[in-house]
Amino acid sequence: MDSLKECPDSITSSLLSWFYDHRRILPWRTERTPYTTWISEAMLQQTRVTTVLDYYPRFLERFPDPKALADASEDLVLKTWEGLGYYSRARNLMRGAKYVCENFGGEIPSDTDLLITIPGIGPYMAGAIASLAFDKPSPAVDGNCIRIYCRLHALPLIPSDSSTYKEINARVQKDISEDAPGDFNEALMDLGSLICTPKSPKCTACPLKEKCSAFLLGKQEDFPVRKPKKETPVEEHTILKIHIGDKILVRKRPSTGLLAGLYELIDLPGTMTNKQVRMWLKKNFPALSGAKDDIDIRPMGKSRHIFSHLRWEMLGYEIYLPVTDTKKQKDLSTCASRLGEPVPPDEYNDLAFASALRAYR
Ligand code: ADE
C-alpha cells in the first residue's frame with residue numbers, strides 16, 4: 001500500500017529527504033519521550049522556537065514527569081511559564097498531568113483516541129505525540145501544515161473553517177510515511193517554518209516546488225485564502241503600582257478568564273488623569289484623609305499589550321503612600337487588604353505576573 005509513497009518522486013520521499021538534510025537540531029528532538037513531546041508541543045503552540053529554547057529545559061528540570069507536574073503548586077508552574085504567554089496552556093498541562101496520573105498510572109498513552117481524552121490535548125497534539133513519540137502514522141495538522149497543503153494543491157480554503165482541517169487531515173493521512181511518521185510531521189513543521197512561510201515563501205529552495213500547484217501558477221501567496229480581518233477590540237486600563245512603606249500592593253486575578261490565576265497590580269478601567277487617581281486613592285484609602293498627607297504620584301507612561309483577540313491600552317502610575325508612623329502603616333494596610341495584598345519586594349519578584357504588565361512591573 002505504501003508503494004506510491006515510497007516512489008522517489010512522491011511528496012513523502014521528497015519531503016523526508018529534504019528533512020534529513022535540513023532539519024533543525026532542537027533539544028526536544030534529541031532525547032524524546034512522550035512527556036517531553038507533550039511539554040514541547042504545548043510550549044510551541046503560539047510561541048516561537050527561539051523563545052521555547054529557554055523555557056523547555058527549565059520546565060523539565062522542575063517538573064520532570066507527569067507526577068511531578070500533577071503534584072506541583074499552580075503558582076510555581078505559572079512562575080516557570082511566566083513570559084511564555086497563553087497561560088491556559090500551563091494550567092491545561094497541570095490538569096492533563098493529573099488526569100494521566102489518575103487514569104493511566106502516570107504513563108502517557110500511545111493511542112490518539114486515548115490521548116485526546118486528556119484535558120488540553122486536542123487533535124493536533126494527539127497526532128504529534130502519537131507520531132513523534134510512538135511512531136504511529138497520525139497526522140499533526142496545524143496552521144503550518146494547512147498552509148503547505150493549501151499551496152501544494154492550490155486549495156482555496158479558509159484555515160479556520162472546520163471543514164478545512166478535515167480535508168487537510170485526510171490528505172496528510174494519505175501522504176504520511178508509515179516508516180517515519182514522526183519525521184514526516186516534523187518535516188512539515190520545518191518546511192512551514194523555514195521555506196513555506198506565510199509571507200515571501202522561499203519557493204525556489206522548496207523540495208516540493210515541482211509538485212506545488214500554487215507555485216506552478218505563480219500564486220503561492222494567494223493560498224490559503226485569507227478571511228477578512230475583524231477589528232480587534234480595545235480596552236483602556238489604568239495601572240497603579242502602589243507602595244505602602246516597603247511593600248507593593250498586588251492582587252491575584254480570578255481563577256478563570258483572561259490571565260487567570262496570575263498576579264497583577266491594581267488595574268482600573270479607563271484612562272485616568274493624575275487628579276482622578278488622587279481622588280480614587282482618597283476614596284479607597286480613607287486613612288489618607290489627614291490634612292498634611294501628600295500622595296506622591298509619578299506617571300509611568302503608556303503601554304500596549306496585544307492578546308490574540310483583544311488589545312489593552314494602559315497608562316501607569318507609581319504611587320508612594322505617605323507612611324508617617326507604624327499606626328499609619330497599619331491603617332493603610334487595612335485599607336489595602338480590601339483591594340489586594342501588600343507584599344515585600346522579594347516576594348513580589350517571585351510572583352507569576354501577567355506579562356501584559358511587564359512595562360510597569
Ligand atoms: N512546532 C511545533 N512542534 C514543533 C517541533 N516538534 N519542532 C519544531 N517546531 C515545532
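A salt bridge here is a side-chain nitrogen of Lys or Arg within 4 Å of a carboxyl oxygen of Asp or Glu. Glu-167 and Arg-171 make one such pair, with N and O 2.6 Å apart.

Before we walk on, a word about the model. It is predicted, so local features need pLDDT of at least 70 and side-chain atom pairs count only at pLDDT 80 or more, while totals for chains, interfaces and linings use all residues. Residues are numbered from 1 along each chain as its sequence is written, and side-chain values use heavy atoms, leaving out hydrogens and water.

## Two domains

The protein is divided into domain 1 (2-222) and domain 2 (234-357), with bounds that come from an automatic or database domain assignment. Taken over C-alpha atoms, the centres of domain 1 and domain 2 are 40 Å apart. Domain 1 gives 8 residues to the contact and domain 2 gives 13 residues, where contact means heavy atoms within 4.5 Å.

## The nonpolar cores

A nonpolar core is a set of buried Ala, Val, Leu, Ile, Met, Phe, Trp, Tyr and Cys residues joined through side-chain atoms within 4.5 Å. Buried means under 20% relative accessible area, exposed means over 50%, and partly exposed lies in between (1.4 Å probe, protein chains only).

The largest nonpolar core has 59 residues, and those with the most contacts inside it include Tyr-35, Trp-38, Phe-59 and Trp-81. Among the elements that give two or more residues to this core are α4 (34-44), α8 (88-104), α10 (123-134) and β6 (311-321); helices (H or I, at least four residues) and strands (E, at least two) are DSSP runs, numbered from the N terminus. Helix α10 gives the most to this core, with 7 residues. The core draws at least three residues from each of domain 1 (2-222) and domain 2 (234-357).

Trp-81 is a good place to look around. Leaving aside neighbours within four places in sequence, its contacts include Met-43, Tyr-55, Phe-59 and Leu-93. There is also a second, separate core of 29 residues, with Trp-18, Ile-146, Leu-152 and Leu-208 among them.

Helix α10 also holds Met-125, which is buried because its relative accessible area is 4%. Not counting residues up to four places away in sequence, Met-125 touches Trp-38, Glu-41, Ala-42, Gln-45 and Gly-120.

## A buried arginine and its surroundings

Where is Arg-151 placed? Arg-151 sits in helix α11 (residues 143-152). Arg-151 is buried yet has no salt bridge, and the nearest side chain of opposite charge, Glu-221, is 5.6 Å away. (Lys and Arg count as positive and Asp and Glu as negative; His and the chain ends are not counted.) A polar atom of the Arg-151 side chain lies 3.0 Å from the backbone oxygen of Pro-198.

Beyond four places in sequence, Arg-151 is in contact with residues including Cys-196, Pro-198, Glu-221 and Phe-223. Cys-196 lies in the loop between α13 (181-194) and α14 (213-216) and counts as buried because its relative accessibility is 10%. Outside the same four-place window, Cys-196 touches Arg-147, Ile-148, Arg-151, Leu-191 and Pro-201.

## Backbone features

Most residues other than glycine have a negative phi, and most peptide bonds are trans. Ser-200, in the loop between α13 and α14, has a positive phi of about 40 degrees. Leu-259 has a positive phi of about 55 degrees and lies in the loop between β2 and β3 (263-264). A cis peptide bond joins Phe-223 and Pro-224, with omega about -10 degrees; Pro-224 is in the loop between α14 and β1 (234-244).

## Salt bridges

The structure holds 16 salt bridges. Three of them are listed here.

| Pair | Closest N to O distance |
|---|---|
| Glu-167 and Arg-171 | 2.6 Å |
| Arg-253 and Glu-264 | 2.8 Å |
| Glu-313 and Arg-311 | 2.8 Å |

Why are Glu-167 and Arg-171 separated by about one helical turn? The two are 4 residues apart in helix α12 (residues 162-175), which means a separation of about one helical turn. Glu-167 is partly exposed, at 32% relative accessibility, and Arg-171 is partly exposed too, at 25%.

Arg-253 and Glu-264 are both buried. In the third pair, Glu-313 counts as buried at 19% relative accessibility, whereas Arg-311 counts as partly exposed at 26%. Elsewhere, salt bridges that share partners join Arg-24, Arg-29, Arg-32, Glu-186 and Asp-190 into one network.

Methods:
Polar contact = N/O pair within 3.5 Å; in protein donor to acceptor, adjacent residues only side chain to side chain.
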